[in-house]
Amino acid sequence: MTTADHLPDLFALSDIHGPVLRPDDPGYADEVTGFNLAARHTPDLVVGATGADDVVTAMRWAHATGTPVAVQATGHGANFPIDSGLLINTARMTDVRIDPRDRTATIAAGAKWRHALEAGAPHGLAGLSGSSTDAGAVGYTLGGGLPVLGRAYGYAADYVRSFEVVTADGTPRETNAEQEPELFWALRGGKGNVGVVTSMVTELLPLSRILGGAIYCPGEHAEPLLRAWTDWTRTVPNEMCSAFTLLRLPPLPEIPEPLRGGFWARVAIAWTGDTAEGERLIAPMREAAPVAVDTVAEMDYTSMDDIYADPHDPLPARESCTLLRDLPPDAIRTYLDHAGPTAPPDYPLLLVELRHMGGQLSRPTAIEDAICARDAEYVLTSVAVIPDSRIATAAETATSALHSAMYPYGTGLTMVNLHGRPGDTLDRSRAWTPEVYDHLRQTKQTYDPENLLRFGHTVPPAAA
């Protein structure tokens, strides 16, 4: 392992067009800081890549010197601090090219979904983004990519046609269903285990407008709204995508009144069909409990962020998830006992959400991938903002208690993008079935046998 004062010869990195910085260099802190401020990175070296050539040069240097490597674009998934080695920052690689005739987008490693949606909008085309378009499109897709419209269309990874990737030995490769299919398999749901993706080509959909928004009710009415939502999700068509969320919002000026500083039960809605039919379908949600705020309306697809209203500014967060097979009455009671109106006033989890899965998220794929969430009917996610150690301890306790209590209703697995801080090997493996985990380790042995890509939610290579 390297140290900042004893790095191998850096002359081989002199051809890099972007900055190459050590901890004492001006600009280092900005270069290593991502969206999740809870993961404070302190690598020995950071490279601000401007293109694929910079990534190739950096990876060849890392391979030659045995230096471990991490990659970051936006840092939304930065749940694990990088405390040594080399960090490749791809945030400058934001190019998006739309082919309207082929209905595809070529998206560079650092481009946010916002960049891709804005590029596709003039053509009436869009990719399957998540709840925040501020997140990096490539990193999100490598973890499978759970879209807001997932029930209607499936996972974002289902639509990838090819990747440009630099493997651990510094070799640039193109991979698709026919060319190096094992590599293509691992990059769709296996996260960043087998290489550094520099761009991807993904199919786009003819999406320009949807019905979307959220219905907010006072938190004391969480139980009737949750029970109504659970029953409702068993009857709605695949085009209806939704989530039930308990929100404890801080009294910050960027949060609009009357939501600021309140405890709310929310149903988020995204519907791709006829607007009048969508309004008819969501009527039971408006009748289940007193409505304080209702933002559901027809919207441009580029306004997707308005549905979940995720934070725009960096913050220190602790997240976790559990995939659920169903929501029987006992599971609903357990959820409410932990996070509902009877929770202590200082309950530290800002968001506790149940996302409706199923629909096209459950369909078998034509081309096998590493996603292991297709048998889940719901996914439970939790997020805490942890500005200090006291709240961090309380959040850890509450997170563990909630997900342990909901475990009997789960599939036993998590989603790699929502897993949160990876723990030991057993904990990391919960993002995949045992069979897929073993397969991923075998592919890791092929493309990264020295385990250079070892930071974040990674797996060890299989024994040679």
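This is a selection-by-selection tour of a predicted model.

**Helix 11**

Select residues 389-406, which form helix 11. The end C-alpha atoms of this helix are 26 Å apart, and 18 residues at 1.5 Å a residue should span 26 Å, so the two values agree. Now show the side chains of Ile391, Ala395, Ala398, Thr399, Leu402, His403 and Met406, the buried residues of helix 11. They lie on the same side of helix 11, because the arc they cover around the axis is only 115°. Turn to the other side of helix 11 to find Ser389, Arg390, Thr393 and Thr397, which are exposed.

What do the buried residues of helix 11 pack against? Add strand 15 (317-324), helix 10 (329-339), strand 16 (351-356) and strand 17 (378-385) to the view; these are the elements they pack against. Then go to the start of helix 11, where a side-chain oxygen of Asp388 comes to within 3.2 Å of the backbone nitrogen of Arg390.

**Thr411**

Move on to Thr411, in the loop between helix 11 and helix 12. Is Thr411 buried or exposed? Thr411 has a relative accessible area of 15%, so it counts as buried, the cut-off being under 20%. The side chain of Thr411 reaches the backbone nitrogen of Leu413 at 3.2 Å. Beyond its neighbours within four places in sequence, Thr411 contacts Leu323, Leu324, Arg325, Asp375 and Ala376.

**Helix 7 against helix 10**

Keep helix 10 on screen and add helix 7 (residues 222-233). The axes of the two helices cross at roughly 145° and come within 11 Å. The crossing of helix 7 past helix 10 is right-handed. For the side chains involved, select Ala222, Glu223, Leu226, Arg227 and Thr230 in helix 7, which meet Pro329, Ile332, Arg333, Tyr335 and Leu336 in helix 10.

**Asp427 in helix 12**

Next, select Asp427, which is in helix 12. With a relative accessible area of 17%, Asp427 is buried. Display Arg430 as well: its side chain and that of Asp427 are joined by a polar contact of 2.9 Å. Leaving aside neighbours within four places in sequence, the contacts of Asp427 are with His419, Arg421 and Pro422. For a bearing on the next stop, draw a distance from the C-alpha atom of Asp427 to that of Thr443; the separation is 20 Å, with the two residues 16 apart along the chain.

**Helix 13**

Select residues 434-447, helix 13. From first C-alpha to last, the 14 residues of helix 13 reach 20 Å, close to the 20 Å expected at 1.5 Å a residue. Thr443 is one of the buried residues here, along with Val436, Tyr437, Leu440, Lys444 and Tyr447. These buried residues are on the same side of helix 13, because they cover an arc of only 125° around the axis. Pro434, Glu435 and Thr446 are exposed on the other side of helix 13. Add strand 8 (172-176), helix 6 (181-187) and helix 12 (425-429) to see what the buried residues of helix 13 pack against.

**Backbone stops**

Three loop positions remain.

- Glu180 is in the loop between strand 8 and helix 6. Its phi is near 50°, positive in a residue other than glycine, and Glu180 is partly exposed at a relative accessible area of 25%.
- Lys191 is in the loop between helix 6 and strand 9 (196-203). Lys191 is not a glycine, although its phi is positive at about 65°; its relative accessibility of 23% makes it partly exposed.
- Pro258 is in the loop between strand 11 (240-248) and strand 12 (263-271). The peptide bond joining Glu257 and Pro258 is cis, with omega about 5°.

Notes
Residues numbered from 1 in each chain as written. Predicted model: local features only at pLDDT ≥ 70, side-chain atom pairs only at ≥ 80, totals over all residues. Heavy atoms only, no water. Helix = DSSP H or I, 4+ residues; strand = E, 2+ residues; numbered from the N terminus. Expected span 1.5 Å × (residues − 1). Buried < 20%, exposed > 50% of the residue type's maximum accessible area, 1.4 Å probe, protein only. Arc of directions from axis to C-beta. Contact = heavy atoms within 4.5 Å. Polar contact = N/O pair within 3.5 Å; in protein donor to acceptor, adjacent residues only side chain to side chain. Axes fitted to C-alpha atoms, helices over the stretch in contact; angles between N-to-C directions. Left-handed = near helix turned anticlockwise from the far one by under 90°.
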